[in-house]
Amino acid sequence: MAKYSDLEYLKLSKWDKFLYKLGRFFISIPVGIGHFFQKIGKGIASGVKAFGRECADVVNTFKNGDGITKGTFLVMGLGNLARGQILRGLLFLLFEIVFIFYMIFAGGYWMSMLPSLGKQGPAVEYDPVLDTYVTAYHDNSFKILLYGVLTILFIIAFIYTWRQSIKQAKINQEMRERGIRLKSGKDDLKSLVDESFYKTLLALPLTGILIFTVVPIVFMMLVAFTNYDGSHDGYFNNLFHWVGLDNFNTMFSWTGGNKVYSATFGEVLTWTLIWAFFATFSNYFLGMFVAMMINKKGIKFKKGWRTILVMTIAIPQFISLLYVSKMFAKNGIVNGFLLDLGWITQPLPFWDDPTWARITVILINIWIGIPYLMLIVTGILMNIPADLYESAKIDGASGWKQFTKITLPYMLFITGPYLLTQFTGNMNNFNVIYLLTGGGPTNAAASGASGSVGYTDLLVTWLFKITTGAESQYYMASVVGILIFVVVALITLLVYNILPSVKNEEDFQ
Amino acid sequence: MSKKNDYDPSAMKQHMGMSAKNRISNTVIYIVLVIMSIVWLAPFVFIVLQSFRCESTWMVGYVVPKQWGLDNYINLAKTDFWHWYTNTFIMALATAVLQTVIVLCMSYTLSRFRFKIRDGLMRFMLILGMFPGMLTMIILYRILKDLNMTQANAVPGLILVYIASSGMGYYVSKGFFDTVPKSLDEAARIDGATRAQVLWKIILPMAKPIVIYTILTAFMGPWGDFVFARYISMNTPAGMNVAVGLNSWLSQDMINSRYTMFCAGGVIVAIPVTILFMCLQRYYVEGVTGGAVKG
């Protein structure tokens with residue numbers, strides 16, 4: 001589809017305009033993907049270049065350095081200590097000593113075991129002290145993998161610190177030659193509450209993220225390439241080992257006994273996307289509708305209506321979800337009412353029939369989501385300049401026209417990024433699905449794919465079921481987790497490349 | 001309608017037509033709103049009614065109890081309920097304090113400082129956020145188990161899990177700090193205040209709404225957490241929070257004896273949280289709205 005000029009575009013009929021826009025949208029997808037890979041390529045190239053520059057600088061520093069600077073290559077912090085920066089120098093030196101001791105007494109062992117993830121599993125052995133046969137435990141694959149990852153991170157940190165120490169030695173040497181006073185340890189400490197206050201502020205949050213998010217995620221991604229599960233827990237039963245891409249092959253094989261995984265994945269992914277789509281947009285438009293009803297001129301008790309809806313946010317979600325789930329059960333209140341009224345003779349299969357269950361969760365999600373959307377939309381509606389509506393009224397625009405020409409475009413523009421986070425958030429909306437249906441009704445065809453997968457299971461609830469299931473196939477959970485990441489990342493990238501909304505955060509400030 | 005139009009008969013007519021139409025549409029809206037209010041409040045009314053039901057303890061198809069009483073509330077004392085309640089309350093308090101500190105540090109820094117790794121850091125956290133958090137619970141469980149912070153001792157372990165990565169949820173409060181003019185900081189800096197003093201003396205007093213919002217959301221988090229609380233407590237009642245504990249009452253073999261007690265427990269959990277929320281509603285609304293607008 002060729003791109004029209006503005007004039008040509010204006011000549012089109014409404015329907016053609018719509019088709020044109022839609023066409024351009026789909027055309028922009030491959031371009032967006034292309035740009036993305038270009039960006040990645042550029043990023044890698046500039047990374048390699050920067051690395052080259054750093055290496056060259058290290059070599060130059062060595063060539064041009066005096067004895068002290070050269071010595072810093074071996075003894076970190078020497079360039080600081082010898083030139084009066086005691087605090088920095090001691091910290092560098094301490095780091096080096098800790099690193100060397102760690103590598104000799106622990107790190108070396110973990111690194112050497114990492115390729116095999118342990119050689120000797122638990123075995124029944126003769127114990128001379130007890131004079132009987134007992135189970136002896138040896139290597140611990142779990143710890144090897146975990147400490148292996150930590151050791152690698154430590155080595156990276158060491159290389160970085162070493163580079164910093166050399167850089168400072170060079171700078172100090174140059175500054176001394178020019179006769180400039182160097183910063184003392186006192187200056188450094190002072191700057192921690194002033195210029196470098198951000199370092200102080202970020203220290204705690206980033207440490208937490210590193211230990212409780214980054215390391216676990218790296219670890220779990222590696223688990224996808226092992227056979228770590230309930231019966232290979234790495235210590236008590238059996239060691240686990242690297243298996244390469246086997247798990248991904250199992251997940252994606254279309255033939256043989258493993259077909260059930262790919263089929264289940266396809267089914268669950270499809271439902272996840274359908275669910276995310278309906279959950280996001282039904283809430284969005286209905287929430288907007290409700291907000292506009294309450295905001296309409298002449299409606300009284302605005303605050304009261306809002307408070308009633310907001311109250312449902314206040315009550316912890318698990319209570320409302322669990323209770324509503326039971327309300328729609330076969331012998332629940334809803335069926336009880338309908339039976340009493342004589343509208344039905346048989347209880348409705350809200351949770352027992354796949355289609356019923358899927359529609360019911362989407363409806364109940366509307367019940368949960370509308371209050372949030374109502375709040376957000378109310379806030380935004382108040383920000384729309386009132387004179388826009390005034391002039392529209394003078395031009396004789398109907399209420400519907402005002403909505404489609406002013407309110408909706410404004411809303412979409414402002415909330416574009418929010419819709420995206422809502423969409424990906426809904427894809428991972430564990431609580432609503434798990435507490436309402438538990439993933440059920442069970443899908444018999446997918447029962448081979450670890451965990452009893454049901455018709456309303458999302459990828460996340462499937463992941464949870466695999467993890468907590470009888471076989472605890474952690475490696476499969478890890479594969480599913482990586483796939484969720486890939487799907488979410490792809491959607492985010494696509495939308496961000498297409499969205500017209502503001503991407504530059506400085507524009508908001 | 002302006003006064004001038006009143007002299008114009010045709011405008012007069014239009015005015016009348018509009019108001020009649022308006023009245024009808026307003027009536028329709030009132031009806032819709034009343035129905036909505038009923039639908040939205042019904043489950044909560046039901047749960048309160050059922051918590052007073054004494055004639056039976058299982059699920060029934062009617063709402064109004066035939067025999068009223070406080071049995072369910074009294075019986076809660078015979079179960080682990082108050083233990084779960086204390087657990088959750090401790091976790092909520094600790095999380096509210098620590099998470100607020102962490103989130104404010106993070107968001108203020110990212111809003112005010114421009115340093116070398118800032119953009120890279122924000123992008124990195126965005127990517128980290130795309131991983132399902134639940135993926136990490138396997139390893140976190142093993143690590144916490146080594147530290148003896150699981151099962152019956154799950155409370156400190158769970159607090160750690162809640163707060164450790166809370167820095168990643170900086171978006172809403174960063175949005176707030178972005179709206180506080182930077183000229184305030186600069187003026188104070190010219191007067192000789194350090195960056196730390198600017199934060200303590202200038203920014204924090206102004207940031208009351210966002211501080212309250214952060215405390216409120218952090219406090220409400222542990223009441224609803226299900227995934228980690230269940231996995232870290234590993235079927236040990238002593239370490240559960242209310243969500244996990246009450247959910248266990250709805251399992252196949254418990255529901256017939258515990259259903260009405262579940263309702264009573266739910267009411268007791270909901271009351272303080274709801275009251276707190278309603279009191280601080282204004283700040284919550286501000287935070288949610290601001291967060292969505294700024295993305």
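Reader: By about how many degrees does helix 13 of chain B bend, and where?

Author: A bend is the angle between the helix axes fitted on either side of a residue. In this predicted model, helix 13 of chain B bends by about 30° at Met261(B).

Reader: How many residues does helix 13 of chain B have, and what span does it reach?

Author: Helix 13 of chain B runs over residues 255-279, which makes 25 residues. From its first C-alpha to its last it reaches 34 Å, close to the 36 Å expected at 1.5 Å a residue.

Reader: Now the interior, please. Which residues have the most contacts inside the largest nonpolar core?

Author: A nonpolar core is a set of buried residues joined through their C-beta atoms. The largest one here has 143 residues, and those with the most contacts inside it are Leu463(A), Val480(A), Leu158(B), Val161(B) and Ile232(B). Helix 3 of chain B, residues 81-112, gives the largest share of this core, with 13 residues.

Reader: And what does Val161(B) touch, leaving out residues up to four places away in sequence?

Author: Val161(B) touches Phe212(A) in chain A, along with Leu140(B), Phe228(B) and Ile232(B). Apart from the largest core lies another, of 16 residues, including Met288(A), Ala291(A), Leu373(A) and Leu375(A).

Reader: Thanks! Which domains does the assignment give for chain A?

Author: Domain 1 of chain A covers 65-244 and domain 2 covers 257-508. Their C-alpha centres lie 43 Å apart. Nine residues from domain 1 of chain A and nine from domain 2 of chain A take part in the contact. On the domain 1 side, five residues are nonpolar, three polar and one charged.

Conventions:
Residues numbered from 1 in each chain as written. Chains lettered and ligands numbered in written order. Predicted model: local features only at pLDDT ≥ 70, side-chain atom pairs only at ≥ 80, totals over all residues. Domains from an automatic or database assignment. Contact = placed C-beta atoms within 7 Å. Nonpolar A, V, L, I, M, F, W, Y, C, P; charged D, E, K, R; others polar. Helix = DSSP H or I, 4+ residues; strand = E, 2+ residues; numbered from the N terminus. Expected span 1.5 Å × (residues − 1). Bend = angle between axes of the 7 residues up to and from the residue. Core = buried A, V, L, I, M, F, W, Y, C linked by C-beta atoms within 7 Å. Buried ≥ 20, exposed ≤ 12 C-beta atoms within 10 Å, placed from the backbone.
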